[in-house]
Amino acid sequence: MSATVVIDDLDRRLVRAMQAGLPLAPRPYHAVAEALGVAPGEVMARVKSLLAHGAIRRIGAVPNHYALGYRANGMTVWDVDDDAVDAAGGAVGALDFVTHCYRRPRRPPLWPYNLFAMVHGKDRAEVEDKAGRIALLLGGAARGRDILYSTRILKKTGLRLAG
Amino acid sequence: MKPQSRLARALIDRFQRDMPLEPRPFDAMARAVDSTPADVLATLGEMQETGTLSRIGAVVPPGVLGASTLAAMEVPEERLDEVADHVSTYAEVNHNYEREHALNLWFVVTAADRRGVDDVLARIERHTGLAVLDLPLERAYRIDLGFDVSWS
């Protein structure tokens, strides 16, 4: 993944600026270049290289799922055998309706789950239907499961344009 | 769902995963959806104002900008607003959600390195007197590749 990507300080500032959002200007990279105090050509070259090396996964129009009518945001979580979790994660991550899929540590007894898959739906029934499809795929590999719905977004910001 | 213009839908469908990497990307986008750069910029601006578009920007894999973790807390209901407000004050916290569970507060902490993450978690524990569960990413199987919107 990204652990092997070496980026310098200017790259880091550029990635932060790009993550926060491009200005809606006819030449947005020129505006970013000006904010960072470098030449536009330098910005274009670095963005190309960051994309090629995976330090930027993609540049796109990122929709707000909630505002598009996907009112139910469910973090589905699963307790999967350590031996089976990587294969299971690969299969769950390949489902078209799963937007994020991660392995994280369990913290028993409070937190017994090690596989996280984020699912959006227009309502909870749609999220539950999708969670059911994940359960089917996992079969006996999953010992326990839960769905955590978000009820409030308390803070959601891209990182700021830092100097 | 709010009504969306044909142009707004086309821009999301065509460019949520990748937009053209060139000095005038909105010109290229306008050509691709049979519109004008001015209309594309106006529509994107409107979508940003109404909140249907969160941003035009880069999606960055975890770890590139430093260390991060997903943190969770079990907060007594009557303290939830106070604790959530405190957590949101840290510049290192960039997502903070209330979820329906005994662990009812979930947030992402990103810092230059792991020590910076530990420091924020420790400060939150000290300030609130509550434990913070630290759930760092061990492996990513899928990272925000976009989302097929069904425009019913």
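Reader: Let's start with a tyrosine. Which helix of chain A holds A:Tyr29?

Author: A:Tyr29 sits in helix 2 of chain A, residues 28-36. Keep in mind that this is a predicted model.

Reader: Why is A:Tyr29 called buried?

Author: Buried means under 20% relative accessible area. A:Tyr29 has 1% relative accessibility, so it counts as buried.

Reader: What makes up the surroundings of A:Tyr29, once its neighbours within four places in sequence are left aside?

Author: Residues from both chains. On the chain A side, A:Tyr29 is in contact with A:Met18, A:Leu22, A:Val43, A:Met44, A:Val47 and A:Ile59. From chain B, the contacts are B:Leu21, B:Glu22 and B:Pro25. A contact here is a pair of heavy atoms within 4.5 Å.

Reader: And how far is A:Tyr29 from A:Lys122?

Author: Their C-alpha atoms are separated by 35 Å, with the two positions 93 residues apart along the chain. For some context, the domain assignment splits chain A into domain 1 (9-52) and domain 2 (72-149). The C-alpha centres of those two domains of chain A lie 36 Å apart.

Reader: Over to a histidine, then. What makes A:His100 partly exposed rather than buried or exposed?

Author: The label covers values between the 20% limit for buried and the 50% limit for exposed. A:His100 comes out at 25% relative accessibility, so it counts as partly exposed. It belongs to strand 3 of chain A, residues 98-103. Its C-alpha atom is 5.7 Å from that of A:Ala117, a residue 17 places away along the chain.

Reader: How do you know that the peptide bond from A:Pro108 to A:Pro109 is cis?

Author: The omega angle gives that: it is near 5°. A:Pro109 is in the loop between strand 3 and strand 4 (115-121) of chain A. As a general point, most peptide bonds are trans.

Reader: How do you know that chain A isn't matching a compact globule?

Author: Set the two numbers side by side. A compact globule of 163 residues would have a radius of gyration near 15 Å, but the value for chain A is 19 Å. The C-alpha atoms of chain A fill a box of roughly 55 × 35 × 30 Å along the principal axes. In the sequence, its elements follow the order α-α-α-β-β-α-β-β-α-β, which comes to five helices and five strands.

Reader: Why is chain B called more spread out than a compact globule?

Author: First, the elements: chain B has five helices and six strands. Its radius of gyration is 20 Å, well over the 15 Å that the globule rule gives for 152 residues, so chain B is more spread out than a compact globule. The box around its C-alpha atoms is roughly 55 × 30 × 25 Å along the principal axes. Chain B is also divided into two domains, domain 1 (6-50) and domain 2 (67-135), and their C-alpha centres lie 36 Å apart.

Reader: Which residues in helix 1 of chain B are buried?

Author: Helix 1 covers residues 6-15, and the buried residues are B:Leu7, B:Ala8, B:Ala10, B:Leu11, B:Ile12 and B:Phe15. In an α-helix there are 3.6 residues a turn, so residues three or four places apart point the same way.

Reader: What do those buried residues of helix 1 pack against?

Author: Parts of both chains again. Within chain B they pack against helix 2 (25-32), helix 3 (37-50) and strand 1 (53-59). From chain A, strand 1 (58-63) joins in.

Reader: What makes the backbone of B:Asp34 worth a look?

Author: B:Asp34 has a positive phi of about 60°, although it is not a glycine. In general, most residues other than glycine have a negative phi. B:Asp34 is placed in the loop between helix 2 and helix 3 of chain B.

Reader: Why is B:Asp34 called exposed?

Author: Exposed takes over 50% relative accessible area. B:Asp34 shows 71%, so it counts as exposed.

Reader: How much of each chain counts as buried?

Author: In chain A, 48% of the 163 residues count as buried. For chain B, with 152 residues, the share is 53%.

Reader: Last one: where do the charges of each chain sit, going by their centres?

Author: Chain A carries 23 positive and 16 negative side chains, and the centres of these sets are 7 Å apart. In chain B there are 16 positive and 25 negative charges, with mean positions 7 Å apart.

Definitions and conventions:
Residues are numbered from 1 along each chain as its sequence is written. Chains are lettered from A and ligands numbered from 1 in the order in which they are written. This is a predicted model: local features need pLDDT of at least 70, side-chain atom pairs count only at pLDDT 80 or more; totals for chains, interfaces and linings use all residues. Side-chain values use heavy atoms; hydrogens and water are left out. Domain bounds come from an automatic or database domain assignment. Helices (H or I, at least four residues) and strands (E, at least two) are DSSP runs, numbered from the N terminus. The radius of gyration is taken over C-alpha atoms; the globule rule is 2.2 Å times the number of residues to the power 0.38. Buried means under 20% relative accessible area, exposed over 50%, partly exposed in between (1.4 Å probe, protein chains only). Lys and Arg count as positive and Asp and Glu as negative; His and the chain ends are not counted. The place of a charge is taken as NZ of Lys, CZ of Arg, CG of Asp or CD of Glu.
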